[in-house]
Amino acid sequence: MLRGRYPDLAIHRNDALIKHIAIEPCIDLANGVDEQTVIAAIGELAENRGTAPTTEQTQQIYTLVGPVCP
């Protein structure tokens with residue numbers, strides 16, 4: 001998902017690091033953290049070597065992550 005859609009956020013990251021971008025928000029959602037806080041955390045997690053995701057990219061990542069959380 002991240003590699004194909006946002007190569008600038010995925011470059012120099014292995015699969016484990018990319019997976020972490022989805023796992024942490026799932027944990028937050030399971031613990032009842034509100035949407036805006038989770039979205040902000042995704043932005044921080046997705047930032048890569050000074051390249052931050054746009055607001056739209058962060059929202060899209062959130063939209064993709066939510067349904068795959070247990």
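## Contacts along the sequence

In this predicted model, 55% of the contacts between residues at least 6 apart in sequence join residues at least 24 apart. Two C-alpha separations illustrate how sequence distance and spatial distance relate here. L17 and L45 are 28 residues apart along the chain, and their C-alpha atoms are separated by 9.3 Å. I27 and G43 are 16 residues apart along the chain, with 16 Å between their C-alpha atoms.

## Fold and dimensions

The protein chain contains 5 helices and 0 strands, which gives the pattern α-α-α-α-α when read along the sequence. The radius of gyration is 11 Å, close to the 11 Å that the globule rule gives for 70 residues, so the chain is as compact as a globular protein of that length. Along the principal axes, the C-alpha trace spans about 30 × 20 × 15 Å.

## Surface and charge

The accessible surface of the chain is about 4,400 Å², and carbon and sulfur atoms account for 55% of this area. Of the 70 residues, 33% are buried.

The charged side chains number 5 positive and 9 negative. The centres of these two sets lie 11 Å apart.

## Nonpolar core

In soluble globular proteins, nonpolar side chains tend to be buried together. In this chain the largest nonpolar core has 15 residues, and L2 and I61 are those with the most contacts inside it. At least two core residues come from each of α2 (7-10), α3 (15-30), α4 (35-46) and α5 (55-65). The helix that gives the most is α4, with 4 residues.

Once neighbours within four places in sequence are set aside, L2 is in contact with P7, L9, A10, R13, I18, I21 and I61. The list for L2 thus includes I61, the other residue named for having the most contacts inside the core.

## Helix α3

Three residues of α3 can be compared by accessibility: L17, P25 and I27. At 1% relative accessibility, P25 is buried, because this value is under the 20% cut-off. L17, at 46%, is partly exposed, and I27 is also partly exposed, with a relative accessible area of 40%. Both values fall between the 20% limit for buried and the 50% limit for exposed.

Which residues does P25 touch, not counting those up to four places away in sequence? They are H20, V38, I42, L45 and V65. L45 is also the residue whose C-alpha atom is separated by 9.3 Å from that of L17. Within the sequence before P25, D15 is 10 residues away, and the C-alpha atoms of P25 and D15 are separated by 16 Å.

## The loop between α4 and α5

N48 lies in the loop between α4 and α5. Is N48 buried or exposed? N48 has a relative accessible area of 6%, so it counts as buried, the cut-off being 20%.

With neighbours within four places in sequence left out, N48 is in contact with D8, L9, A10, I11 and R13. Among these, L9, A10 and R13 also appear in the contact list of L2. Contacts with L9, A10 and R13 therefore link both L2 and N48 to this part of the sequence, where a contact means heavy atoms within 4.5 Å.

Definitions and conventions. Residues are numbered from 1 along each chain as its sequence is written. This is a predicted model: local features need pLDDT of at least 70, side-chain atom pairs count only at pLDDT 80 or more; totals for chains, interfaces and linings use all residues. Side-chain values use heavy atoms; hydrogens and water are left out. The radius of gyration is taken over C-alpha atoms; the globule rule is 2.2 Å times the number of residues to the power 0.38. Buried means under 20% relative accessible area, exposed over 50%, partly exposed in between (1.4 Å probe, protein chains only). Accessible areas come from the Shrake-Rupley method with a 1.4 Å probe; for residues, only the protein chains shown count as cover. Lys and Arg count as positive and Asp and Glu as negative; His and the chain ends are not counted. The place of a charge is taken as NZ of Lys, CZ of Arg, CG of Asp or CD of Glu. A nonpolar core is a set of buried Ala, Val, Leu, Ile, Met, Phe, Trp, Tyr and Cys residues joined through side-chain atoms within 4.5 Å.
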